[in-house]
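Thanks, everyone, for making time this morning. I would like to walk through one structure with you, and I will keep to what can be read from its coordinates.

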Amino acid sequence: MRQAGPDDAAALSLVANAAFLDTYAMVLNSVDLLAHCLKNNGIETFAAWARDPGTILTLAEVEPGHAPVGYAVLTRPDLPIEPRPGDIELRRIYTLKQTHGSGVGPALMMRASEDAVRSGYRRMLLGVWEYNERARAFYGRNGFTVIGRRQFEVGAEVHDDPIYALSL
């Protein structure tokens, strides 16, 4: 687990696309799925986040070779709720399916929480696909509670997703 910078943008893009495809390939239309990945998971997206002082990127790697297997992105909140002073959004947290059950996900969550607290934030927000039961259970185990809803578009599909919060 380490903080990522601009030089990690390509690795972050690759693991982001792999994890998104891995998570949603069986449930989303392929045209929408691929368009979403190309639009939201490009190298420039991660390079811009890495240059933004209000964003914290974490990259999870495995030994040997430091292959990327997961990542987390903390940003200023961009959710349809009234943000409080001290809020930060866990915009993304993903791991490759091969790491499920290995502790990588909980380690990424712990690192994101520690980074948020160290940066002075008091509450972490996130949105998640309403039918991603694995992720929702993970957030519940980590103390998050539902505080609202948002609409999230992937191509032509609009999803009504819960918004979670965790006091830090």
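I will go through the aromatic residues, then some helices, then two buried positions, and finally a loop.

Before anything else, please keep in mind that this is a predicted model, and that residues are numbered from 1 along the chain as its sequence is written.

Let me begin with the aromatic side chains, where a search of the whole structure turns up 10 aromatic pairs. In one of these, the ring centres of Tyr-24 and Trp-129 lie 5.4 Å apart with their planes at 75 degrees, and because an angle over 60 counts as edge-to-face, that is how this pair is classed. The two residues are 105 residues apart and come from distant parts of the chain, with Tyr-24 in helix H1, residues 9-24, and Trp-129 in the loop between strand E5 (123-127) and helix H5 (133-141). Tyr-24 and Trp-129 are both buried.

A second pair is formed by Phe-46 and Tyr-71, whose ring centres are 5.6 Å apart and whose planes stand at 80 degrees, so this pair is edge-to-face as well. Here too distant parts of the chain are linked, since Phe-46 sits in helix H3 (residues 43-51) and Tyr-71 in strand E3 (residues 67-75), 25 residues apart. Both Phe-46 and Tyr-71 are buried. If you look at the wider picture, these four residues belong to one aromatic cluster, which also takes in Phe-20, Trp-49, Tyr-94 and Tyr-131.

How do the axes of H1 and H3 cross? They come within 8 Å and cross at roughly 125 degrees, and the two helices are therefore oblique to each other. On the H1 side the contact is made by Ala-9, Ala-10, Leu-12, Ser-13 and Ala-16, and on the H3 side by Ile-43, Phe-46 and Ala-47, so that Phe-46 appears both in this helix contact and in the edge-to-face pair with Tyr-71.

Turning to helix H4, which has 15 residues (104-118), the expected span at 1.5 Å a residue is 21 Å, and the end C-alpha atoms are 21 Å apart, which agrees. Among the buried residues of H4 are Val-104, Leu-108, Met-109, Arg-111 and Asp-115. Just after H4, Gly-120 takes a positive phi of about 95 degrees.

Two buried positions deserve a moment. Leu-33 lies in helix H2, residues 30-40, and counts as buried at 4% relative accessibility; leaving out residues up to four places away in sequence, Leu-33 touches Phe-20, Leu-21, Tyr-24, Ala-25 and Leu-28. Ala-72, in strand E3, counts as buried at 2% relative accessibility. With neighbours within four places in sequence set aside, Ala-72 is in contact with Ile-56, Leu-57, Thr-58, Leu-90, Arg-92, Ile-93 and Leu-108, and Leu-108 is one of the buried residues of H4.

Finally, where in the chain is Pro-64? Pro-64 is in the loop between strand E2 (56-62) and E3, and the peptide bond from Glu-63 to Pro-64 is cis, with omega near -10 degrees. His-66 lies in the loop between E2 and E3 and, although it is not a glycine, has a positive phi of about 60 degrees. Most residues other than glycine have a negative phi, and most peptide bonds are trans. With a relative accessible area of 44%, His-66 is partly exposed.

Definitions and conventions. Predicted model: local features only at pLDDT ≥ 70, side-chain atom pairs only at ≥ 80, totals over all residues. Heavy atoms only, no water. Helix = DSSP H or I, 4+ residues; strand = E, 2+ residues; numbered from the N terminus. Expected span 1.5 Å × (residues − 1). Buried < 20%, exposed > 50% of the residue type's maximum accessible area, 1.4 Å probe, protein only. Phe/Tyr/Trp six-rings, centres within 6.5 Å; stacked < 30°, edge-to-face > 60°. Axes fitted to C-alpha atoms, helices over the stretch in contact; angles between N-to-C directions. Parallel < 35°, antiparallel > 145°, perpendicular 65-115°, else oblique. Contact = heavy atoms within 4.5 Å.
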